[in-house]
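Welcome! Here is a short briefing on two spots in one protein model: a single side chain and the place where a ligand sits. Take a look at the structure before reading on.

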Amino acid sequence: MRIENDVKLGFKDVMFRPKRSTLSSRAQVDVERTFKFLHTGIEWTGVPVMAANMDTVGTFEMAKVLAGMKMFTAVHKHYPIEEWSGFLSLAPRGIENYIAVSSGTGSQDLVKAEKIFHLHPHLKFLCIDVANGYSEHFVSFVKQARTKFPDKVIMAGNVVTGEMVEELLLAGADIVKVGIGPGSVCTTRVKTGVGYPQLSAIIECADAAHGIGGQIISDGGCTTPGDVAKAFGAGADFVMLGGMLAGHDESGGEVIEKDGKRYKQFYGMSSSTAMEKHAGGVAEYRASEGKAVEVDYRGPVEQTIQDILGGLRSTCTYVGAGRLKELTKRTTFIRVAEQENRVYNE
Ligand code: 5GP
């Protein structure tokens with residue numbers, strides 16, 4: 001047994017130190033970024049905030065709205081081909097730049113992804129997602145996907161340490177998804193004791209990825225616009241959101257009414273709710289590592305996005321970053337023992 005003694009930090013452990021700035025208004029801040037991807041050389045420009053590939057978040061409806069704002073959706077993997085076909089035949093022009101096809105590492109997953117890619121030759125993003133990206137099997141699956149789809153941008157994860165980011169990039173991923181255990185409906189840390197505080201995971205993984213020309217997605221744990229800004233400040237190229245985008249018109253699931261108040265169901269993709277829906281139950285050998293909750297119904301997602309991007313622009317003005325690209329260079333985090341004043345919250 002070994003103990004690492006340096007402290008690992010989460011979003012709640014830090015704040016941005018404000019810095020002198022010449023920016024006079026948050027409207028001057030540019031939140032778009034342009035990336036060139038490692039293996040494909042494809043260039044992408046947009047606002048690097050993403051909807052998670054959860055069936056309550058990464059829906060076609062979400063993708064349509066987010067793409068209109070140049071934001072990205074990792075479309076969940078449970079849509080049948082026919083629904084993809086219907087969606088793509090009606091999809092707004094350019095949507096292919098803002099959506100990823102999601103895949104697990106099952107034997108049929110790449111076959112299905114290939115069929116979806118055939119529906120629209122310009123679809124270019126593949127998101128290979130497993131809870132634990134540390135297995136040999138996962139690395140060889142990423143290699144196989146790179147060989148099969150030489151011209152697609154591959155996102156792969158999840159991992160939380162630099163050496164595994166490097167391994168996945170070398171195996172063929174362009175972008176590595178980072179996060180184990182921080183998610184709002186994730187119970188991995190409770191069920192297994194495994195995890196890594198998200199801010200430190202981002203700092204360490206971004207450093208590893210950028211060293212060899214790759215990018216990272218910070219996945220999970222953002223609960224406020226301030227957390228999204230902290231993820232970018234720490235070095236994330238993209239930030240993926242689940243819970244912050246749940247509960248809207250565009251999120252999956254029905255509106256539930258209770259005592260005159262409206263809610264929407266939201267659940268982890270490894271929760272027993274999801275496994276019963278998609279896999280006919282929780283397999284005997286595994287524990288569910290996600291939970292199901294009812295979140296307040298919040299109307300159209302557009303307002304929430306404005307709120308997130310407004311917060312992000314404001315962070316940039318507080319630290320003097322004219323562009324999102326500069327935010328990490330302008331970031332000094334201070335370690336704190338307090339966050340907001342909650343006296344009127346409860
Ligand atoms: P959030 O933004 O809600 O904090 O986190 C979203 C992320 O949580 C997802 O993108 C995914 O990585 C993770 N996640 C989703 N469902 C589950 C689950 O059932 N179990 C675990 N461990 N993580 C989940």
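A residue is near a molecule if one of its heavy atoms lies within 4 Å of it. Please keep in mind that this is a predicted model. With that cut-off, 20 residues surround the ligand.

**Around the ligand**

- The closest residues to the ligand are S184, T188, D219, S270 and E289.
- Sorted by class, the shell around the ligand holds 6 nonpolar, 12 polar and 2 charged residues.

**Polar contacts of the ligand**

- S184 uses its side chain: one of its polar atoms there lies 2.5 Å from an oxygen atom of the ligand.
- G221 uses its backbone, where an N or O atom lies 2.9 Å from an oxygen atom of the ligand.
- E289 also offers a polar backbone atom, which is 2.6 Å from a nitrogen atom of the ligand.
- On its own, the ligand has 520 Å² of accessible area, and the protein covers 91% of that.

**A look at R146**

- You can find R146 in helix α4, which spans residues 136-148.
- Is R146 buried or exposed? R146 counts as buried because its relative accessibility is 13%, and the cut-off for buried is under 20%.
- The side chain of R146 has a polar atom 2.9 Å from the backbone oxygen of F149.
- That side chain of R146 also reaches the backbone oxygen of K152, at 3.1 Å.
- Setting aside neighbours within four places in sequence, R146 is in contact with H39, T40, D151, K152, I154, A171, G172 and D174.

Note on methods. Residues numbered from 1 in each chain as written. Predicted model: local features only at pLDDT ≥ 70, side-chain atom pairs only at ≥ 80, totals over all residues. Heavy atoms only, no water. Helix = DSSP H or I, 4+ residues; strand = E, 2+ residues; numbered from the N terminus. Buried < 20%, exposed > 50% of the residue type's maximum accessible area, 1.4 Å probe, protein only. Polar contact = N/O pair within 3.5 Å; in protein donor to acceptor, adjacent residues only side chain to side chain. Contact = heavy atoms within 4.5 Å. Areas by Shrake-Rupley, 256 points an atom, 1.4 Å probe, with all protein chains shown as cover. Nonpolar A, V, L, I, M, F, W, Y, C, P; charged D, E, K, R; others polar.
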